[in-house]
Amino acid sequence: MDRTLVFLKPDALQRGLVGEIISRLEGRGLKLVGMKLMRVSEELAGRHYAAHAGKGFFPGLVAFVTSSPIVAMVWEGEGAVEAVRCTMGRTNPVEAHPGTIRGDLGIDVGRNLIHGSDSAEAA
Ligand code: DAT
Ligand code: MG
């Protein structure tokens, strides 16, 4: 069985969308096997998003994910990495399809609600 890392970003908690997003992942047939409400340090955010260091949006991204608590989770299921990515929708909510979390619940690329690993290695 595959496992992937998901976290709900500060905007998901601030907007009261934690239950809605978890419900969508559960509805998909994935299984929640780990969950933790936590603050992300600048050091951890920098390490997590290391691939984006140097990009224009990097400082804002780190500031955002460290600004208030997140919900970190591990989800399990057949093809969990891909299943979560498809359920999330595209990075920019403007381009995310209706029916996806980002496509239904957001409009701002800097406030796109959810992170999901893009590979088993990353997870
Ligand atoms: P994803 O979260 O879909 O894996 P990513 O890894 O390309 O997307 O980028 C990580 C996060 O960085 C993304 O969720 C939101 C932010 N981001 C990406 N591109 C951005 C942009 N052009 N402007 C502002 N924030 C951006
Ligand atoms: Mg990514």
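## A walk from the ligand outwards

Start by selecting ligand 1 and the residues around it: Lys9, Tyr49, His52, Phe57, Leu61, Arg85, Thr91, Arg102, Val109 and Asn112. Keep in mind as you go that this is a predicted model.

Now show side chains and look for the polar pairs. Pick threonine 91: an N or O atom of its side chain sits 2.6 Å from an oxygen atom of ligand 1. Next, click on histidine 52, where a side-chain N or O atom is 2.9 Å from a ligand 1 oxygen. Then go to lysine 9, which has a polar side-chain atom 2.9 Å from an oxygen atom of ligand 1. Switch on a surface for the ligand, if you like: on its own, ligand 1 has 510 Å² of accessible area, and the protein covers 73% of that.

Leave the ligand and colour strand β1, residues 2-8. Which strands is β1 joined to by bridges? One is β3, residues 70-77, which runs antiparallel to β1 and is connected to it by seven bridges. To see one of the pairings, select arginine 3 and find its bridge partner in β3, glutamate 76. The other is β4, residues 114-116, also antiparallel to β1, with three bridges between them. Here, zoom in on valine 6, which faces glycine 116 of β4.

Next stop: valine 40. You'll find it in the loop that links β2 (31-38) with α3 (42-48). Is valine 40 buried or exposed? Its relative accessibility is 10%, and buried means under 20%, so valine 40 counts as buried. To see what is packed around it, set aside the neighbours within four places in sequence and select Ala45, Val65, Thr66 and Ile70, with which valine 40 is in contact. Draw a distance from the C-alpha of valine 40 to that of isoleucine 70: you should get 7.4 Å, although the two are 30 residues apart in sequence.

Finish with helix α2, residues 18-28. Select Ile21, Ile22 and Leu25, which are buried. Why do the buried residues of α2 line one face of the helix? Turn the view to look down the axis of α2: its buried residues fall within an arc of 95°, so they line one face. Then step off the end of the helix to glycine 29, which follows α2, and check its backbone: phi is positive, near 110°.

Key
Residues are numbered from 1 along each chain as its sequence is written. Chains are lettered from A and ligands numbered from 1 in the order in which they are written. This is a predicted model: local features need pLDDT of at least 70, side-chain atom pairs count only at pLDDT 80 or more; totals for chains, interfaces and linings use all residues. Side-chain values use heavy atoms; hydrogens and water are left out. Two strands pair if DSSP finds at least two bridges between them. Helices (H or I, at least four residues) and strands (E, at least two) are DSSP runs, numbered from the N terminus. Buried means under 20% relative accessible area, exposed over 50%, partly exposed in between (1.4 Å probe, protein chains only). Contact means heavy atoms within 4.5 Å. A residue is near a molecule or strand if one of its heavy atoms lies within 4 Å of it. A polar contact is a pair of N or O atoms within 3.5 Å; within protein, one must be able to donate a hydrogen and the other to accept it, and residues adjacent in sequence count only if both atoms are side-chain atoms. Accessible areas come from the Shrake-Rupley method with a 1.4 Å probe; for residues, only the protein chains shown count as cover. The arc is that of the directions from the helix axis to the C-beta atoms.
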